[in-house]
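Student: Hi, could you walk me through this one? I'd like to go part by part.

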There are 2 protein chains.
Amino acid sequence: MVTIADVARHAGVSVSTVSYTLSGKRPISAETRKRIARSVAELGYRPNAKAQALASNRTNTLALMAPLRADNNVPVIMQFVAGIATAAREHDHDILLLTQGEGVEGVRRVRETALVDAVIVMDIEADDARLPVLRKMGLPAVLIGTTENAGGLVWVDLDFGRAAEACVDHLAGLGHRSILMLGSPSAVYERRSSYALAFAAGFESAVRRHGIDGRWCPSEPAYQAVSALVEQELARRPDTTALVVHNEGILGAVLGTLRRLDLRVPEDISVVALCPEQTAVNQVVELTGVAVPAEQIGRAAVEMVLRQVDGDGTAQTRLIAPQLTLRQSTAVRRA
Amino acid sequence: MVTIADVARHAGVSVSTVSYTLSGKRPISAETRKRIARSVAELGYRPNAKAQALASNRTNTLALMAPLRADNNVPVIMQFVAGIATAAREHDHDILLLTQGEGVEGVRRVRETALVDAVIVMDIEADDARLPVLRKMGLPAVLIGTTENAGGLVWVDLDFGRAAEACVDHLAGLGHRSILMLGSPSAVYERRSSYALAFAAGFESAVRRHGIDGRWCPSEPAYQAVSALVEQELARRPDTTALVVHNEGILGAVLGTLRRLDLRVPEDISVVALCPEQTAVNQVVELTGVAVPAEQIGRAAVEMVLRQVDGDGTAQTRLIAPQLTLRQSTAVRRA
DNA sequence: TTGAAAGCGATACCAA
DNA sequence: TTGGTATCGCTTTCAA
């Protein structure tokens, strides 16, 4: 392994000069700079990350605690992770991947062993046990998602409440008066994932505001379960003319079931989905809906957390406005 | 931050004694051990990871280069990542996440800056440019997937060739003589991902061996594209009585199209899929097929790579046998 | 069974 | 504009 001392020797200068040249933290004569650059190239020198971290108290790595479970909307999680990893590299940082399972102890560990400069935490739950710890530790952090007790912490998220409202507003605007919302798997609500709760709350408030009839229920991904659920709910409320689906895993089953019931989309029933654009356009009928701008949020999270690391005290929380895209699955309610 | 010196002082012993006590690398009197344990607990001491790494030349972190793209079978990738991350933690290691996009330079970087002890590389392609670099660098590594020029490197993978054969064998055994295989998106073949090529090759060799008629084509996830493709291929070869699908993203569309064409599964046409169990059982008809044991492979990769780190020269490559699970989507070919 | 001290490979302060 | 060197927090050799 080639060290900074090797470079210094090779270039005939001192170690500190090499260090300063590389960091640019003090002026170096063009001549010296050139000699050092040559030596670096010739020897193929790269600073040892651990030594650098130890001396500078900066690891240039970010912890990312991500929910790697199957029950969630996996593709969206993946988009978050991809966006974060890419953005981190653009800012010359690496990602240390922690699983949700490590929980509070994971956060403590990376902090106390000084493994990372900051942490990005995904999938926030109501009364999330990690939040008080993060607050107390004072480790720079950004939450992706938020909840009531997130006060004092910086977070960024899609405004899921307004996303639900956008869906309802759109349907109400088309004249729909009776809407069924199919939610995420019940496990998601049971652990009180912030985004699912926010979407459900937004849905409820929007239907109330419009004075229309709206109800919702969790839904599991099994085809038969979806099919039975949809059939039963439509039978109970035959006046239902629109569906909102906050569960990308069941879209195929929902559309299949509607066809089985001889309900055409959008002529007989409108469907709005919260899902990635890819998923939306790959269905039998291209779906109107809102997408989680996961990559954008991931990038924002990286930038927000790095600002904190750089000591910018003006850290601001960010709520991203949802954008509803019109496609083929919604239409005016038939008279 | 509390350091090893603080602990030593608090316990009234030397720094080296604390270090040896913690590492267990030399005998320590029970008395001393107890005192140190108390001090550690009382002060909440945790060794600084960077200092430890610098001194011991061991980072206790593994690089994982994962394909975080959308065109792939995202859930399976996620399972790999989850298995790897979990297994790594069980062995007291962390995961540094590299994106596929970093390519050769990513591998070089983590090696030359001494960021990690070893690397796990996913999604191997034919003539993968990373392989020669890995070989030359001598960084402990495990590939998930393999290819012709992987000689000298350790890898682990599902035997995709035999997986395809298992599917064909099963169908042939049921009397099917004309099979269509719907493959992954064409981009996957274009970049020559090892698993896709191996599956296709296995399919071809199996149909040849059985002397039956088999053909295959890539398939894109868009519903209409799938639908058109299936309809066209079945029209071209009306004797087709079985489908093999190596693309979990299109399963819903395939089944939907078959129904539209009034083909019942499995009475009129059998379907075998290579996809996660979850996906298989969540379709209208539960699908017979082979699953990638992603978590198991991920765990194996971690263990294999750690063995190398520990200097076990007997590193062995592993090819996991596929397991076909019978469900509702296959039946004897009707006379 | 324990301690002292020399590294590990950088950064950055203090001098010149 | 440059150099010398203490320092970061730990591991491990050498000595006792």
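Tutor: Happy to; we'll take the contact between the chains, then some strands, then one arginine.

Student: Anything I should know before we start?

Tutor: This is a predicted model, so local features need pLDDT of at least 70 and side-chain atom pairs count only at pLDDT 80 or more, while totals for chains, interfaces and linings use all residues. Residues are numbered from 1 along each chain as its sequence is written, chains are lettered from A and ligands numbered from 1 in the order in which they are written, and side-chain values use heavy atoms, with hydrogens and water left out.

Student: Okay, how many residues of chain A are in contact with chain B?

Tutor: 45 residues of chain A touch 45 residues of chain B, where contact means heavy atoms within 4.5 Å. The area buried between them is about 4100 Å², and carbon and sulfur atoms give 61% of that. Buried area here is the accessible area (1.4 Å probe) that two parts lose on being put together, summed over both.

Student: Which three residues supply more than any others on the chain A side?

Tutor: Arg46(A), Lys50(A) and Met78(A), which supply 19% of the area that chain A buries against chain B.

Student: And what's the count of salt bridges between the chains?

Tutor: Eight, taking a salt bridge as a side-chain nitrogen of Lys or Arg within 4 Å of a carboxyl oxygen of Asp or Glu. Arg89(A) and Glu102(B) form a salt bridge through their side chains, at 3.3 Å from N to O. There are also 16 residue pairs in polar contact between the chains, both residues at pLDDT 80 or more. A polar contact is a pair of N or O atoms within 3.5 Å; within protein, one must be able to donate a hydrogen and the other to accept it, and residues adjacent in sequence count only if both atoms are side-chain atoms.

Student: Which element gives the most to that side of chain A?

Tutor: H5(A), with nine residues. Helices (H or I, at least four residues) and strands (E, at least two) are DSSP runs, numbered from the N terminus.

Student: Which strands join up across the chains?

Tutor: E2(A) and strand E2 (residues 94–99) of chain B run antiparallel, joined by three bridges. Within that pairing, Leu97(A) has Ile95(B) as its bridge partner. Two strands pair if DSSP finds at least two bridges between them.

Student: Changing topic: is strand E5 of chain A buried or exposed?

Tutor: Mostly covered, as five of its five residues (154–158) are buried. Buried means under 20% relative accessible area, exposed over 50%, and partly exposed in between (1.4 Å probe, protein chains only). Val154(A), Val156(A) and Leu158(A) sit on one side, with Trp155(A) and Asp157(A) on the other.

Student: What does E5(A) pair with?

Tutor: Strand E4 (residues 141–144) of chain A pairs with E5(A) in the parallel sense over three bridges, and Val142(A) has Val154(A) as its partner. Three bridges also join E5(A) to strand E11 (residues 318–320) of chain A, again parallel.

Student: Now chain B. What's the order of the six-strand open sheet?

Tutor: E7-E6-E8-E9-E10-E12, with mixed pairing. The edge strands, E7 (213–217) and E12 (324–325), each pair on one side only.

Student: And where does Arg215(B) lie?

Tutor: In strand E7 of chain B. Arg215(B) is buried, with a relative accessible area of 13%.

Student: What does the side chain of Arg215(B) make a polar contact with?

Tutor: The side chain of Ser178(B), at 2.7 Å. Leaving aside neighbours within four places in sequence, Arg215(B) is in contact with residues including Phe203(B), Arg237(B) and Thr240(B).
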